[in-house]
Amino acid sequence: KQSGKPVFIDFTGVTCTNCKYNETNVFTKPGIARDFEQFERVQLYTDWVPESAYASDPGKAARKAEARANQNFQQDTFKTIQLPLY
């Protein structure tokens, strides 16, 4: 909201091979990376949120609860829990 840019939601997962492939090999291509500059990209993990996503790890239970909330948001909004979903 602060930047005024539209949000690009990347529903992803720590265990999602296709998600990691796209994030590493597709999103980083110069033309695609340039296109992403017009968006605020947000990653919502739906299996469990990695410790590295936090300044201070809230603990495994909290990270799992956040992932469940992200998955519920994805299901409620888009009627699917498939990954990756953009």
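This passage walks through the fold of a predicted model and the side-chain pairings found in it.

The overall layout comes first. The protein chain has three helices and two strands, and reading along the sequence gives the pattern β-α-α-β-α. Laid along the principal axes, the C-alpha atoms of the protein chain fill a box of roughly 40 × 25 × 25 Å. The protein chain runs to 86 residues, of which 28% count as buried. Its accessible surface comes to about 5,900 Å², and carbon and sulfur atoms account for 53% of that. The chain also brings together residues that sit far apart in sequence: among contacts between residues at least 6 apart, 62% join residues at least 24 apart. Some of the side-chain pairs described below are examples of such links between separate parts of the chain, including Arg41 with Asp10 and Phe8 with Tyr86.

Next come the cysteines. The structure holds one disulfide. Cys16 and Cys19 make it, with their sulfur atoms 2.3 Å apart. The torsion about this S-S bond is about 75°, so the disulfide is right-handed. As for the surroundings, Cys16 and Cys19 are both buried.

Charged side chains are the next topic. Side chains of opposite charge can pair when their charged atoms come close. A search of the whole structure turns up four salt bridges. One of them joins Arg41 to Asp10, with the closest N and O atoms 3.3 Å apart. This pair links distant parts of the chain, since Arg41 belongs to strand E2 (residues 40-45) and Asp10 to strand E1 (residues 7-12), 31 residues apart. The two partners sit in unlike settings: Asp10 is buried, with a relative accessible area of 0%, whereas Arg41 counts as partly exposed at 37%. Arg41 has another partner too, as it lies over the face of Phe36, at 5.8 Å from the ring centre.

A second salt bridge stays within one helix. Glu23 pairs with Lys20, and their closest N and O atoms are 3.1 Å apart. Because these residues are three apart in helix H1 (residues 17-26), about one helical turn separates them. Glu23 counts as buried at 13% relative accessibility, while Lys20 is partly exposed at 27%.

Then there is Arg63, whose side chain meets that of Glu51 in a salt bridge (3.8 Å, N to O). Arg63 lies in helix H3 (residues 60-78) and Glu51 in the loop between E2 and H3, so this pair ties together parts that are 12 residues apart in sequence. Salt bridges with shared partners also join Glu51, Asp57 and Arg63 into one network. Within that network, Arg63 counts as buried, at 7% relative accessibility, and Glu51 is partly exposed, with a relative accessible area of 47%.

Aromatic side chains complete the set of pairings. The structure holds eight aromatic pairs. One of these is formed by Phe8 and Tyr86, which are stacked at 5.7 Å centre to centre, with 20° between the planes. Phe8 lies in strand E1 and Tyr86 in the segment after H3, so the pair ties together parts that are 78 residues apart in sequence. Phe8 is buried, at a relative accessible area of 17%, but Tyr86 is partly exposed, at 40%. Both rings belong to one aromatic cluster, made up of Phe8, Phe27, Phe36, Phe39 and Tyr86. Phe36 in this cluster is the ring whose face has Arg41 over it, and Arg41 in turn is the salt-bridge partner of Asp10.

Asn22 offers another view of this part of the structure. It is found in helix H1, the helix that also holds Glu23 and Lys20. Asn22 counts as buried because its relative accessible area of 19% falls under the 20% cut-off. Leaving aside neighbours within four places in sequence, Asn22 is in contact with Phe27, Pro84 and Tyr86. Among these, Phe27 and Tyr86 are members of the aromatic cluster.

Technical notes. Residues numbered from 1 in each chain as written. Predicted model: local features only at pLDDT ≥ 70, side-chain atom pairs only at ≥ 80, totals over all residues. Heavy atoms only, no water. Disulfide = S-S within 2.5 Å. Buried < 20%, exposed > 50% of the residue type's maximum accessible area, 1.4 Å probe, protein only. Helix = DSSP H or I, 4+ residues; strand = E, 2+ residues; numbered from the N terminus. Phe/Tyr/Trp six-rings, centres within 6.5 Å; stacked < 30°, edge-to-face > 60°. Lys NZ or Arg CZ within 6 Å of the ring centre and 35° of its normal. Contact = heavy atoms within 4.5 Å. Areas by Shrake-Rupley, 256 points an atom, 1.4 Å probe, with all protein chains shown as cover.
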